[in-house]
Amino acid sequence: MTFQHYENLFREKAEQAGYSEENIQKCLYYANPLIERGIPVIYNTSNLSALVGYNKLYLKKAALYTNSFYRKFSIKKRNGKKRELKEPLPSLKEIQLWILENILYEVPVSKYAKAYIRNRNINDNVRFHRNKEKVLNLDIENFFPSIKRNKIEEIFLNLNYSSNISNLLGKLCCCDECLPQGALTSPYLSNLYLNEFDEVVALYCKNNNIRYTRYADDLTFSGNFEHEVLIEFIKAQLFEIDLKLNAEKTLIMERNVKQIVTGITVNKVIQVPKTYRDSIRQEVYYLQKFGLSGHIKKINSNKANYIYHLLGKINYTLNINPKDKEMKKYKVIVKEYLPNNITEIK
């Protein structure tokens, strides 16, 4: 919708409602930059209530008593530590989905951000770093919880929403005063928060002949460079936005060792690690040797959809390297065990 079209519709309804010309002009002045950005005009809580389909009282409760609208639980990470997840209740999840699809997705993120973006995937992250002299992986510590609600409000303010609406949207997207890991809006908001950081780092890298990409909280650099200098630069830039590196996850990989980027080997051929491929190879071998029922019983698997899980691992490997002849062969073999092709699955 063009602003002229919006103005005509708004003016007609506002005049029927008895708005003064002064109020009409104020509303149109507020709406103009939002219309130009292609995002919804939200004047107040009642307006947002009508847009998301939940009454105003519910929105106010969700904003004021945020903790009551989340289910909190922990999962164990690979290093044995626990990660706390906060899953919004279905109603709040619907509201966040509306915010994501109608507001956030309309705001572009840096081309150097490769995660949580439609039409971008892990391949877009790793392909830039193949066959390089050196690869450096850095990790941002405590990523989502370190991005505070006031910073999220600033994102909405910079989109030209009013302070009241920015405050409301920020509260609907946050829990415990930060981005919750588990909310639908958190991943994209984290990309928007790091927009300027990505551009500053990318410019530095361009001037120093270094390749840079970011996949969520994983920063990857490749080329021929002094990694100590680069790390100090990144520390300084993260400090500017109240973030810091996780020193334990800094990984420097020269050409003579296996170079891994977001779990993918990038030395000469982009490929999933050998251990992952070996596990698939072993599963297919025993699947053929014992049959599906015998194999599942032998490995004591409780996966009701085991064969789909195995096929998913093969498809993931082929997505990383579509020319992998071995995995293409395994895919043909495993597909023969799908329920439509066998009688032994009960």
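At what angle do helix H4 and helix H5 pack, and how far apart are their axes? In this predicted model, helix H4 (residues 56–64) and helix H5 (residues 90–102) pack at an angle of about 95°, and their axes are 12 Å apart. Angles of 65 to 115 degrees count as roughly perpendicular, and H4 and H5 are therefore roughly perpendicular to each other. On the H4 side, the contact is formed by Tyr-58, Leu-59 and Ala-62; on the H5 side, Ser-91, Leu-92 and Ile-95 take part. Five residues of the contact of H4 with H5 are nonpolar and one is polar, with no charged residue present.

The largest nonpolar core has 76 residues. Those with the most contacts inside this core are Ile-99, Ile-103, Phe-156, Tyr-161, Phe-221 and Ile-234. Helix H2 (residues 21–37) supplies the largest share of the core, with seven residues. Another core, of 16 residues, lies apart from the largest one, and Val-284, Leu-292, Leu-311 and Ile-333 are among its members.

The surroundings of Phe-156 can be described in further detail. Leaving aside neighbours within four places in sequence, Phe-156 is in contact with Ile-99, Ile-103, Leu-104 and Tyr-161, among others. The contacts of Phe-156 also include Ser-166, Leu-169, Gly-170, Cys-173 and Leu-189.

Ile-333, one of the residues of the 16-residue core, is also one of the buried residues of helix H15 (residues 325–335). The others are Met-327, Tyr-330 and Val-334. These buried residues lie on the same side of H15, because they cover an arc of only 115° around the axis. Lys-325 and Val-332, on the other side of H15, are exposed. The buried residues of H15 pack against two helices, H13 (274–299) and H14 (306–320).

Two individual helical positions were also examined. Gln-237 lies in helix H12 (residues 227–240). Along the chain, Gln-237 and Phe-197 are 40 residues apart, while their C-alpha atoms are separated by 6.9 Å. With residues up to four places away in sequence not counted, Gln-237 touches Phe-197 and Val-200. Asn-123 is found in helix H6 (residues 122–126). The relative accessible area of Asn-123 is 17%. Since buried means under 20% relative accessible area, Asn-123 is therefore buried. Outside the residues up to four places away in sequence, Asn-123 touches Asn-319 and Ile-320.

Backbone conformation was considered at two loop residues. Most residues other than glycine have a negative phi. Glu-177, although not a glycine, has a positive phi of about 65°. The place of Glu-177 is in the loop between helix H9 (163–173) and helix H10 (186–193). At 46% relative accessibility, Glu-177 counts as partly exposed. Asn-209 likewise has a positive phi, near 55°. Asn-209 is placed in the loop between helix H11 (195–207) and strand S4 (210–215). The relative accessibility of Asn-209 is 65%; exposed means over 50%, and Asn-209 therefore counts as exposed.

Methods
Residues are numbered from 1 along each chain as its sequence is written. This is a predicted model: local features need pLDDT of at least 70, side-chain atom pairs count only at pLDDT 80 or more; totals for chains, interfaces and linings use all residues. Side-chain values use heavy atoms; hydrogens and water are left out. Helices (H or I, at least four residues) and strands (E, at least two) are DSSP runs, numbered from the N terminus. Buried means under 20% relative accessible area, exposed over 50%, partly exposed in between (1.4 Å probe, protein chains only). Contact means heavy atoms within 4.5 Å. Axes are lines fitted to C-alpha atoms, for helices over the stretch in contact, and angles run from 0 to 180 degrees between N-to-C directions. Angles under 35 degrees count as roughly parallel, over 145 as roughly antiparallel, 65 to 115 as roughly perpendicular and the rest as oblique. Ala, Val, Leu, Ile, Met, Phe, Trp, Tyr, Cys and Pro count as nonpolar, Asp, Glu, Lys and Arg as charged, and the others, Gly among them, as polar. A nonpolar core is a set of buried Ala, Val, Leu, Ile, Met, Phe, Trp, Tyr and Cys residues joined through side-chain atoms within 4.5 Å. The arc is that of the directions from the helix axis to the C-beta atoms.
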